[in-house]
Amino acid sequence: MRRSVCVLAFTVFLSGCANFPQFNPASDPSAAPPGASRTNKLEKELFSAREHNLRLKAQVAESAKKIETLTQGIRDLKKEISTFETTVERLRREIIIAKNFSMRPSPPKSVKAPKPLSGIRPKIAKKPEVAPITPQALYNKSYRAVRDGKNEKAIHGFRRFLSLFPNNQLAPHSQYWLGEAYYALRRYPEALDEFLNLITRYPNSKKVPDAYYKRGITYLRRKFPLNATLEFEYLVDKFPKHPLSEKAKVQLQNLEHYSRKKP
């Protein structure tokens, strides 16, 4: 009897367990652990933030590329503007030089000799025979004159040399020293003309750099610093290895300092 009661009680317990609902997190979202939904939300936000960061990096890289392109364009534009300003400044100086030459006074008109009286024949004196002078002798004589400070005599001698021997190898030197003689007499317009004649008539002469440098110095004497700057720049550009180019650079530095001090 007691055994039958135990069996009946065990059977009732088993049937009660079969009817009790089992726990399944997948079947009931509300029954999931409380931290799982928060973790999923943070992962989604982190993924979204990474995508946004990547987009920002791409935009920054594109903007940097555009800025570099604009910067290079600005550099090229500044370079073109600088070249243009240099050209304008050179043209302005050349115009100033042209105006200075146009302002030179015209040479005096030659005075006609009086006509001889009718019926009276003037006596013509016979010219004494003079031995022909050689180019070297005439050059040496004229050079000694300019060296000794007899500049008027030197001018006469060098002009005679150039009229008699314009194609001689000493002609460029005569042309240069003719300008030096005028310079020593402070006849600066004539000196500028003679130095320019050397540059144009004898462009391959070794005295051309000297002529450029002396023209610059002459313009400084005449208080024309822009003209002087142009001559010194020509010398440095065309004859960069010539010893006078170094002196011209010093003069250009002094002229730049002078122009900065001017109000």
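Does R186 count as buried or exposed, and at what relative accessibility? In this predicted model, R186 counts as exposed, at a relative accessibility of 65%. The legends below set this residue beside the helices and loops around it.

**Figure 1. Overview of the protein chain, an arrangement of nine helices and zero strands.**
Read along the sequence, the elements follow the order α-α-α-α-α-α-α-α-α. Of the 263 residues in the protein chain, 24% are buried. Among contacts with a separation of 6 or more, 52% join residues 24 or more positions apart. The accessible surface of the chain is about 20900 Å², and carbon and sulfur atoms contribute 60% of this area.

**Figure 2. Packing of helix α3 (residues 135-147) against helix α4 (residues 151-164).**
Two packed helices are described by the angle between their axes and the distance between the axes. For α3 and α4 the angle is about 155° and the axes lie 7 Å apart. Angles over 145 degrees count as roughly antiparallel, and α3 and α4 are therefore roughly antiparallel to each other. The crossing of α3 past α4 is left-handed. On the α3 side the contact is formed by P135, L138, Y139, K141, S142, Y143, A145 and V146, and on the α4 side by N151, K153, A154, G157, F158, R160, F161 and L164. Sorted by class, this contact holds 10 nonpolar, three polar and three charged residues.

**Figure 3. Surroundings of Y139 in helix α3.**
Y139 has a relative accessible area of 10%. Because buried means under 20% relative accessible area, Y139 is classed as buried. Y139 and G157 are 18 residues apart along the chain, and their C-alpha atoms are separated by 7.6 Å. With neighbours within four places in sequence left aside, Y139 is in contact with F158, F161, L170, H173, S174 and W177. Two of these partners, F158 and F161, are also listed on the α4 side of the contact with α3.

**Figure 4. Packing of helix α5 (residues 171-184) against helix α6 (residues 188-201).**
The axes of α5 and α6 come within 7 Å and cross at roughly 165°. The two helices are therefore roughly antiparallel to each other, and their crossing is left-handed. From α5, the residues P172, Q175, Y176, L178, G179, E180, Y182 and Y183 meet Y188, E190, A191, E194, F195, N197, L198 and R201 of α6. By class, the contact comprises nine nonpolar, three polar and four charged residues.

**Figure 5. Surroundings of Q175 in helix α5.**
What is the relative accessible area of Q175? The value is 0%, and Q175 is buried. Leaving aside neighbours within four places in sequence, Q175 is in contact with L162, E194, N197, L198, R201 and Y202. Among these partners, E194, N197, L198 and R201 also appear on the α6 side of the contact with α5.

**Figure 6. Loop residues R186 and K223, each with a positive phi.**
R186 is placed in the loop between α5 and α6. Phi of R186 is near 60°, a positive value in a residue other than glycine. K223 occupies the loop between α7 (208-221) and α8. K223 is likewise not a glycine, and its phi is about 65°. In terms of accessibility, R186 is exposed at 65%, and K223 is exposed at 68%.

**Figure 7. Packing of helix α7 against helix α8, with a view of K238.**
The axes of α7 and α8 come within 7 Å and cross at roughly 160°. α7 and α8 are therefore roughly antiparallel to each other, and α7 passes α8 in a left-handed crossing. P209, Y212, Y213, R215, G216, I217, Y219 and L220 in α7 meet N227, A228, E231, F232, Y234, L235 and K238 in α8. The classes represented in this contact are 10 nonpolar, two polar and three charged residues. K238 belongs to helix α8, which spans residues 225-238. Although K238 is listed in the contact with α7, its relative accessible area is 52%, and K238 is exposed. K238 and P209 are 29 residues apart in sequence, with a C-alpha to C-alpha separation of 8.6 Å.

Terms used. Residues numbered from 1 in each chain as written. Predicted model: local features only at pLDDT ≥ 70, side-chain atom pairs only at ≥ 80, totals over all residues. Heavy atoms only, no water. Helix = DSSP H or I, 4+ residues; strand = E, 2+ residues; numbered from the N terminus. Buried < 20%, exposed > 50% of the residue type's maximum accessible area, 1.4 Å probe, protein only. Contact = heavy atoms within 4.5 Å. Areas by Shrake-Rupley, 256 points an atom, 1.4 Å probe, with all protein chains shown as cover. Axes fitted to C-alpha atoms, helices over the stretch in contact; angles between N-to-C directions. Parallel < 35°, antiparallel > 145°, perpendicular 65-115°, else oblique. Left-handed = near helix turned anticlockwise from the far one by under 90°. Nonpolar A, V, L, I, M, F, W, Y, C, P; charged D, E, K, R; others polar.
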